[in-house]
Amino acid sequence: MPPTRTAIERIVNVNQPLLSVRDLRVSFALDEGLVRAVDGTSFDVMPGQVLGVVGESGCGKSVTMRAILQLIERPGRITKGEIHFRRDNGVVDLAQLPPRGAEMRDIRGGEIALIPQEPMAAFSPVHTVGDQIVEAILLHSHRWRAAKKMSRSEARDITVALFRDVGISMPEQRIDTYSWQLSGGLRQRAMIAMALSCKPRLLIADEPTTAIDVTTQAQVLALLRDLQARYNTAIIFITHDLGVIAQMASYVVVMYLGRVMEEGPVDDIFHAPKHPYTRALLRSIPSLYGQTRVALPVITGALPHPFNRPPGCPFHPRCPDVMPRCSTAVPRLMPVGTSQLASCFLHHEEAEPA
């Protein structure tokens with residue numbers, strides 16, 4: 001029997017990006033000057049893919065993700081670029097939607113969900129955790145079924161089931177607790193339940209394990225891997241921890257000063273990095289097999305001040321392989337080998353003006 005139209009559309013959608021970011025630029029106009037927090041970033045997220053976004057603190061990772069959700073705080077704004085998101089009824093450019101418009105509100109939380117770095121700041125301390133998740137389900141009840149209306153008791157039952165899915169013991173009792181009554185690990189699990197409460201197609205996890213201990217971190221990572229496989233939800237996992245990226249991601253984007261320095265499959269990035277910045281990040285990872293009492297390699301220099309960005313390649317003041325052209329021209333992100341892209345003159349000759 002030939003495939004139905006619905007099956008054909010599903011196959012086509014799997015082979016097309018769920019999210020496609022092109023030349024995204026986000027600036028903050030401050031009294032001291034202009035901060036270019038995101039400076040021409042481009043990447044794709046495929047359906048069901050776990051994309052790791054890595055880089056030092058201050059490299060524009062979180063600002064990029066907040067731009068996707070139209071959550072840039074003033075005086076920041078998207079100055080250029082496209083953010084194409086594939087919905088059930090077609091592709092929409094999120095960069096062109098009013099941040100407080102009905103369509104963006106429907107997408108935010110409903111089709112794209114966020115797990116923030118600190119869950120304590122995400123939950124209201126004066127309402128129970130369960131009530132807040134129930135409200136989110138009622139607001140996006142069409143994500144659970146075609147009918148717009150859903151009773152509060154039905155939404156509560158879904159919340160209990162979500163608590164059970166994310167490994168919260170005694171979910172019937174814990175649903176009525178406040179966030180400040182939960183441990184850090186339980187708060188993080190509750191935040192994951194909140195993010196999954198509206199069956200999102202894309203989950204953005206912004207440093208979700210930074211504020212918890214190592215043991216709980218391992219449990220949360222295992223939980224996210226299990227939930228991703230179970231729900232086939234695409235995940236953008238933001239972190240500065242390359243060890244976490246190795247566990248979670250299938251594809252990696254390396255960012256520096258708001259630009260993509262390198263991208264590729266996780267195995268290729270770890271075993272054959274092409275950009276000097278990626279190599280420097282990998283060298284700084286502690287190893288169980290390294291020499292004892294030997295200083296850990298670090299990246300020379302520091303991130304430049306936001307108002308004093310270097311001309312040319314943004315990494316050239318810290319790069320061990322710097323060439324004269326690096327200080328005057330910006331290398332484009334171009335294919336290197338069969339599976340990676342790198343923005344570095346070591347691999348190509350073309351340059352474009354800064």
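# Aromatic contacts and helix H6

In this predicted model, Phe-315 is buried, with a relative accessible area of 1%. Phe-315 also belongs to a cluster in which ring pairs link it with Tyr-256 and Tyr-277. The points below begin with these rings and then turn to helix H6.

**Aromatic rings**

- The count of aromatic pairs in the model comes to four, and in one of them Tyr-256 and Phe-315 meet edge-to-face, with 5.2 Å from centre to centre and 85 degrees between the planes.
- Because Tyr-256 lies in strand E9 (residues 251–256) while Phe-315 lies in the loop between helix H12 (276–283) and strand E11 (329–330), this pair ties together parts that are 59 residues apart in sequence.
- Tyr-256, with a relative accessibility of 0%, counts as buried, since the term applies to residues under 20% relative accessible area.

**A charge over a ring**

- The charged end of Arg-325 sits over the ring of Phe-345, at 5.5 Å from the centre of that ring.

**Helix H6**

- Helix H6 covers residues 152–165, and because its 14 residues should span 20 Å at 1.5 Å a residue, the distance of 20 Å between its end C-alpha atoms agrees with that expectation.
- The buried residues in H6 are Ala-155, Ile-158, Thr-159, Val-160, Leu-162 and Phe-163, and the buried residues of this helix pack against helix H5 (129–139), helix H7 (171–174) and helix H8 (184–196).
- After H6 comes Gly-167, a residue whose phi is positive, near 85 degrees.

Definitions and conventions
Residues numbered from 1 in each chain as written. Predicted model: local features only at pLDDT ≥ 70, side-chain atom pairs only at ≥ 80, totals over all residues. Heavy atoms only, no water. Phe/Tyr/Trp six-rings, centres within 6.5 Å; stacked < 30°, edge-to-face > 60°. Helix = DSSP H or I, 4+ residues; strand = E, 2+ residues; numbered from the N terminus. Buried < 20%, exposed > 50% of the residue type's maximum accessible area, 1.4 Å probe, protein only. Lys NZ or Arg CZ within 6 Å of the ring centre and 35° of its normal. Expected span 1.5 Å × (residues − 1). Contact = heavy atoms within 4.5 Å.
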